[in-house]
Amino acid sequence: MNKDFYHRIINAVEERRSNDLLRSLRIRTNSNNLLDLANNDYLRLSQNQTVKEASMNAIEEYGCSSSASPLVTGYGEIHDKLSTLLCKWYNAKHCLLWNTGYSANQAVLGLLPKKGDLILADRLIHNSMITGAMKSGAKLKRYDHLDIAHLEKLLKENRSQYSSVFVVTESLFSMDGDIPDLTAMAKLKKQHSFIWIVDEAHAIGWYGDSGSGLLEENDITHSADIIVGTMGKGIGSMGAYTILNNISIKEYLINFAGEFIYSTYLTPGSIGASLKAIEIIQDSKVERFEGRKVSLSTRMCLNKINNNYPTYDDSPIIPFIIGSSEETISTAQRLKEKGYSVGAIRPPTVPIGTARLRISLNTKLSKDIGDKLTKALAVS
C-alpha cells in the first residue's frame, strides 16, 4: 500500500471534516413527511403524470438506453425531435444536446476560447464554467458580481489587447438567486463586440413569456451567442442543451468536444420527458406568475428575521445567509425535524463566511409557505 497516497487523501478529508465542510451522500426517500425546498424542480414537472407517461412511452418505443455515443448510433429520431423543438422554442437555427449542464459548460468554455483570448466572467459563475474557462488557455478575469460598471471598465481596458473577448454570466445565479442586468450587458455587446455566453439553467420555466428564461423575459434572446440550458431543473428531466447562433460553432463542438463525442448519449426516457415538459412549460404562464408572487411574499416574510431580501426579487432561489458552516448545518437539521428539507450550502460552493440555507421554491407550494417557513426559522 502506498502510505503517502492514503495519508494525503485522508488528511484532506479530515481537514474538511474539522471545518464542518465535509460533503457526504445522503439517501433521499420518497417520504411525505418532509416538504422538499432543496431541489431545483421549480415547476415540479418531474412528478407530473403526463411527463412520466411520455418518458415511459419513449422507453417502450426506443428502449432504456441510447446505447452509443451520438456520433455512432446514439443520436436517434427522438433526440432530433427535441433539438427541433428547442430551436423553435428559442427561434434559433442551431441546437446541440448534452448529457449534463456541467459537460456543456466544460466543452463550450474549455474549447471555444483559446490562448490569446480573454474571458470576462462574473465572480460567482458556476464551477463548471470556471473549470472550463481555466482549461481553455485563455486569460480569465473576473468582474465583481453583477457589477456592469466593472465589466465595462475591464472591456475598455482590455478589449484591444486580445483576439477575441468572451463575456460569461448566469442569467439567474444558482446560489444567490439574483439576476444581472442582462439588457445593459446586451448594450455593452453592441459597443464592444464580445462573444456572449449566458447560462440560463435556473431561469428556464420560471421566466419568459413562453418559459425559456430571462433573455426572453428581457426580449434579447438573439443578443447571446451561446445559451446554455439544462433539462434537469425547471424541465424536470435530465440533460442539457446549447442554443447557438452559428452553424460553425455547432460543427466545431461536434468535432472537438470530448464531452459530446465519447459518452453514451441521453436516454430516450429523459428525452421523452423533456419533450412533454417543454410543451407544458410553454402553456404555464399562470403557474409562472403565481410562483413568482409566492417568491415575493416569501422574501417579505423572511425579511422579518433576516433583513436581506430586496422586495422586487421573485426568483425561485432564496439564500438565507447564516455565515457559520456549523450553524448552517444545525439550522438545516432543526428545520428537517420540523418537516422542511432545505439545502445547507457551505464553502467552497459559496464564499467563506457566507454559508447559507438555500431555499428552492416551486409552483406547487401553498401561498402561505413564507409565513410557515419564517415561523419555523424564528424558533429554530
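Biologist: In helix α7 (148-158), Ile148, Leu151, Glu152, Leu155 and Lys156 meet Ala184, Met185, Leu188, Gln191 and His192 of helix α8 (residues 182-192). What makes this a contact?

Modeller: Contact means heavy atoms within 4.5 Å, and the elements themselves are DSSP runs numbered from the N terminus, helices being H or I over at least four residues and strands E over at least two. This is a predicted model, in which local features need pLDDT of at least 70 and side-chain atom pairs count only at pLDDT 80 or more, whereas totals for chains, interfaces and linings use all residues. Residues are numbered from 1 along each chain as its sequence is written, and side-chain values use heavy atoms, with hydrogens and water left out.

Biologist: Why are α7 and α8 called roughly parallel?

Modeller: Their axes come within 11 Å and cross at roughly 10 degrees, where axes are lines fitted to C-alpha atoms, for helices over the stretch in contact, and angles run from 0 to 180 degrees between N-to-C directions. Angles under 35 degrees count as roughly parallel, over 145 as roughly antiparallel, 65 to 115 as roughly perpendicular and the rest as oblique, so α7 is roughly parallel to α8. The residues of this contact divide into six nonpolar, two polar and two charged, with Ala, Val, Leu, Ile, Met, Phe, Trp, Tyr, Cys and Pro counted as nonpolar, Asp, Glu, Lys and Arg as charged, and the others, Gly among them, as polar.

Biologist: Which residues of α8 are buried, and what covers them?

Modeller: Buried means under 20% relative accessible area, exposed over 50% and partly exposed in between, with a 1.4 Å probe and protein chains only. Leu182, Ala184, Met185, Ala186, Leu188, Lys189 and His192 of α8 are buried, and their cover includes β4 (139-143), α7, β5 (165-170), β6 (195-199) and α9 (214-217). Helix α8 lies across β4, β5 and β6, running at about 160 degrees to β6, and just after α8 Ser193 takes a positive phi of about 50 degrees.

Biologist: What makes β6 largely enclosed, and how do you know that β5 pairs with β6?

Modeller: Four of the five residues of β6 are buried, so β6 is largely enclosed by the rest of the structure. Two strands pair if DSSP finds at least two bridges between them; β5 and β6 have five bridges and pair in the parallel sense, with Glu170 standing opposite Asp199 in β6.

Biologist: Why do β2 and β4 stand at the edges of the sheet?

Modeller: The open sheet has seven strands in the order β2-β8-β7-β6-β5-β3-β4, with mixed pairing. β2 (94-98) and β4 each have a single partner strand, so one side of each is left without a neighbour in the sheet. The twist averages 20 degrees from one strand to the next.

Biologist: Why is Lys139, in strand β4, called partly exposed?

Modeller: Its relative accessible area is 43%, between the limits for buried and exposed, so Lys139 is partly exposed. Lys139 touches Asp117, Leu118, Ile119 and Tyr162, not counting residues up to four places away in sequence.

Biologist: How do you know that α4 (residues 77-90) is roughly parallel to α12 (residues 268-282)?

Modeller: The axes of α4 and α12 come within 9 Å and cross at roughly 25 degrees, which makes α4 roughly parallel to α12. The residues of this contact divide into ten nonpolar, four polar and one charged.

Biologist: What makes the crossing of α4 and α12 left-handed, and that of α2 with α12 right-handed?

Modeller: A crossing is left-handed if the near helix is turned anticlockwise from the far one by less than a right angle, and right-handed if clockwise. By that test α4 and α12 cross in the left-handed sense, whereas α2 passes α12 in a right-handed crossing. Helix α2 (residues 49-62) packs on α12 at an angle of about 145 degrees, with the axes 7 Å apart, and by class their contact has nine nonpolar, five polar and one charged residues.
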